[in-house]
Amino acid sequence: MSRPLGTLDPSAETAPRAAGGRAPDVFSREGWVPMRCFRDEDEVDFAVIGTGAGGGVLAARLAEAGFSVVALDAGPFWRPLADFASDEREQDKLYWSEERLSTGGDPLQFGSNNSGRAVGGSTVHFQMVTLRFRPEWFRARSDLGYARDWPVDPDAMWRYYAEVEAELGIAGPVRYPWGPRRGRYPYRPHEVNAAGHVLARGAEAVGIDWSPTPLATVSAPRGKAPPCVYRGFCKIGCSTNAKQSVLNTFIPRALAAGAEVRDLAMVGRIETDRTGRATGLHYHRGGRWRFQRARAVAVAGYSIETPRLLLNSAGPAHPDGIANAEGLVGRHLMPHVNDAVWGVMDEEIRWYKGPPSMAVSEHWNYTDDHPSKDFPGGYAFMSQGPMPADFATSLVSNTGMFGQALRNRMALYNNMAGLKSVGEVLPDPDNRVELAEERDALGLPLARVTFSYGEEDRALSRHARAFQREVLEAAGARDLFETTGTAHLMGGCAMGATPSEGVVDGDGRAWSCPNLWVCDGSAMPTGGGVNPALTIMANAARIADTIIAERAPDRRG
Amino acid sequence: MTRYPGYDVLAKRDTPSWDEATRRVVDARLAGPAARPVLEERDYRTLAALCDAVVPQPDRAEPIPVAPVVEAAIAEDRTTGTRFEGLPTMREAWGRGLAALEAEARLRHGTAFADLTPETREALLHAVDAEEVEAPEWDGLAPRRLFRDVMADEILRVYFAHPAAWSEIGFGGPASPRGYVRLGAGRRDAWEAPFAPPPDGGER
């Protein structure tokens with residue numbers, strides 16, 4: 001099991017906080033809010049596994065609709081005001097640090113950029129970039145001729161985007177340059193920092209649009225959340241609650257509506273009966289294994305833990321793992337191309353101030369016909385503001401730079417600017433999550449993850465690096481250098497229109513297990529060229545509403 | 001060698017740029033790690049020399065302590081979430097990696113890694129990074145992965161977790177609850193470092 005990584009309150013990482021009829025009040029330093037509690041033997045309407053962008057939204061909506069809900073998370077239940085320091089190393093406690101085995105032609109790096117281990121999931125440390133999918137991406141195969149379609153109505157997703165943006169109080173521009181018209185963002189845009197203006201200047205010089213990034217941090221007071229003070233440590237957890245994470249939005253809503261949230265509760269296996277229906281789940285909390293009964297189960301552990309759990313949940317009717325009748329669980333795993341270009345500016349940029357990505361261009365997400373576009377899909381690119389250790393380690397990891405050369409480079413930290421892409425990777429069944437022989441401290445098989453880029457992905461990555469270089473040079477940067485990498489995860493338990501196309505249907509319900517849902521980034525059939533959090537949330541809201549509309553979570557089957 | 005002489009992040013400790021949580025974390029760090037020696041004396045000497053090669057500090061009268069903190073991280077089996085194919089678990093990777101560095105130094109130069117000159121040491125690490133290694137101790141260790149993504153990664157995280165490193169590069173450091181007001185290029189708040197002279201090599 002995990003050991004404390006933080007020094008502030010190590011007990012929060014080893015002893016559950018949400019128990020005995022109360023849960024942490026995330027808007028206080030040491031306060032509590034009342035929490036309804038269920039017994040393990042109570043057959044709750046829904047057990048939700050994971051409380052991030054998918055599970056948190058689902059739990060709140062289901063509880064508000066009157067369902068009895070227990071939401072379990074492997075991570076701690078933080079109070080940001082007391083538990084979060086302005087310190088990179090302390091905040092390592094926000095990531096899933098238990099090892100995943102990484103292999104393939106381009107093995108993925110896990111941890112800070114694609115995992116979270118906390119109530120609120122990775123939204124606790126996301127960069128708050130809340131971009132919508134281009135609507136055509138939901139019909140990528142039919143409308144754009146690549147990858148595959150989502151078995152969902154794009155118009156419905158567009159409506160849920162607006163709903164979730166309102167629920168998060170997104171701060172964004174009055175007019176967004178790309179895609180169909182959208183209403184005003186609920187909160188006014190933030191002032192763009194110097195790092196963002198580098199992108200703006202470069203974009204204008206090469207003749208493409210840019211925009212202030214729509215961000216999930218409030219630009220004016222909202223409830224108990226104060227406006228953003230541009231502290232700049234967003235990526236390692238917001239210590240003021242200006243950031244609208246799931247931890248300080250949907251989780252309080254879920255609790256107020258009568259859901260129970262169990263922190264430090266690692267689910268190891270979903271139990272199914274002879275007919276194949278889920279009956280509950282085995283979870284480890286407080287030093288022992290327990291069993292929670294449930295009429296229905298929703299899995300929202302993200303693209304590694306969701307497949308890992310389903311694969312580890314073989315039962316009489318599910319010999320190869322639950323919902324894995326077609327062998328699709330774990331397949332079609334996708335990261336984003338996260339290649340970047342960096343350079344030195346004559347003036348001091350001081351990119352540590354403000355949210356890390358305050359300016360964005362989606363030009364290549366909405367440009368299909370251009371002589372240079374030799375790849376399907378698209379990419380956004382954004383201005384950057386990495387913290388010192390994050391930047392230094394990406395230098396050595398990418399270039400092998402160390403010693404005096406690295407210190408000399410880091411001496412120019414305040415003059416650096418950078419552009420980083422979020423680029424679409426095509427779904428490939430061979431990129432997948434499997435169970436390894438080796439087991440962790442709880443006896444659960446480790447995840448083994450295989451990933452290799454395809455030719456189209458490489459073409460996109462080349463294009464993104466070359467184009468970002470052009471923009472950064474046009475903005476006046478010199479001594480340019482590149483880094484490569486990936487961010488985010490999508491897929492692994494994708495939605496599909498038929499059982500042979502996906503693990504779950506368009507409503508998130510497993511094709512081969514009628515009372516089991518998948519409601520997180522793993523359900524995404526494609527990744528698009530934008531950060532996934534908003535899409536995961538909008539999709540979760542949509543899935544919740546389909547469940548609520550049926551009013552009987554276990555009617556099918 | 002800093003471009004920001006006289007700037008000290010710690011001067012902000014008792015201002016609204018630091019909150020109680022951050023003070024506690026940084027105070028504990030400056031007090032040093034609880035002594036938890038897990039390495040043999042020879043391995044520790046190799047580690048100390050490796051830290052010195054990755055972040056040399058000849059300019060500092062009081063170098064930032066790196067090796068003891070890395071050793072503490074090894075002791076607590078601090079992991080990052082990824083175990084790349086070709087590498088053992090984090091702790092084993094450190095133990096075997098340090099032994100392999102030592103073996104490589106003895107094979108090539110007939111001396112301990114820790115006794116190499118800084119130039120020779122750096123050249124040896126570049127060879128490791130290029131995967132040009134000869135010692136059998138590397139068997140089952142991917143040299144570049146190990147050097148970049150386990151060893152140098154942890155060493156740099158420890159170095160740049162120290163306030164002296166923040167001051168050195170003019171980083172604002174902790175900034176909660178006050179944050180910042182002036183976000184534009186060439187603008188600074190009164191509680192930030194004064195501007196440095198423009199970087200060298202400005203010709204286009």
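Start at the interface of chain A and chain B in this predicted model: colour the two chains separately, and you can look for the 9 salt bridges that the rule finds across it. To see one of them, select B:Glu192 and A:Lys353, whose side chains meet in a salt bridge at 2.8 Å, N to O. Polar contacts turn up here too, with 41 residue pairs found across the interface, both partners at pLDDT 80 or more.

Next, stay on chain A and pick out strand 5 (100-103), helix 8 (388-399) and helix 9 (404-410), the elements that give two or more residues to the side touching chain B. Helix 8 gives the most, with 8 residues. Colour that side of chain A by class and you get 30 nonpolar, 22 polar and 19 charged residues.

Now zoom out to take in both partners: 71 residues of chain A are in contact with 82 residues of chain B. About 6,100 Å² is buried between the chains, and carbon and sulfur atoms give 51% of that area. Select A:Arg89, A:Phe402 and A:Arg407, which supply 15% of the area that chain A buries against chain B, more than any other three residues.

Keep A:Arg89 selected for the last stop, the second largest pocket. Add A:Thr7, B:Arg29, B:Pro33 and B:Val69: together with A:Arg89, they lie nearest its centre among the 24 lining residues. The pocket holds about 550 Å³ of space. Then show helix 1 (20-31) and helix 3 (67-75) of chain B, each supplying at least two residues of the lining. Helix 1 of chain B gives the most, with 4 residues. Colour the lining by class to finish: 14 residues are nonpolar, 4 polar and 6 charged.

How values were computed:
Residues are numbered from 1 along each chain as its sequence is written. Chains are lettered from A and ligands numbered from 1 in the order in which they are written. This is a predicted model: local features need pLDDT of at least 70, side-chain atom pairs count only at pLDDT 80 or more; totals for chains, interfaces and linings use all residues. Side-chain values use heavy atoms; hydrogens and water are left out. On a 1 Å grid over the protein atoms alone, a cavity is a set of points where a 1.4 Å probe fits but cannot get out, and a pocket is an open set with protein on both sides within 12 Å along at least five of seven lines; lining residues have an atom within 4 Å of a point. Grid points are joined across faces, edges and corners, and a volume is the space filled by probe spheres set on the points. Ala, Val, Leu, Ile, Met, Phe, Trp, Tyr, Cys and Pro count as nonpolar, Asp, Glu, Lys and Arg as charged, and the others, Gly among them, as polar. Contact means heavy atoms within 4.5 Å. Buried area is the accessible area (1.4 Å probe) that two parts lose on being put together, summed over both. A salt bridge is a side-chain nitrogen of Lys or Arg within 4 Å of a carboxyl oxygen of Asp or Glu. A polar contact is a pair of N or O atoms within 3.5 Å; within protein, one must be able to donate a hydrogen and the other to accept it, and residues adjacent in sequence count only if both atoms are side-chain atoms.
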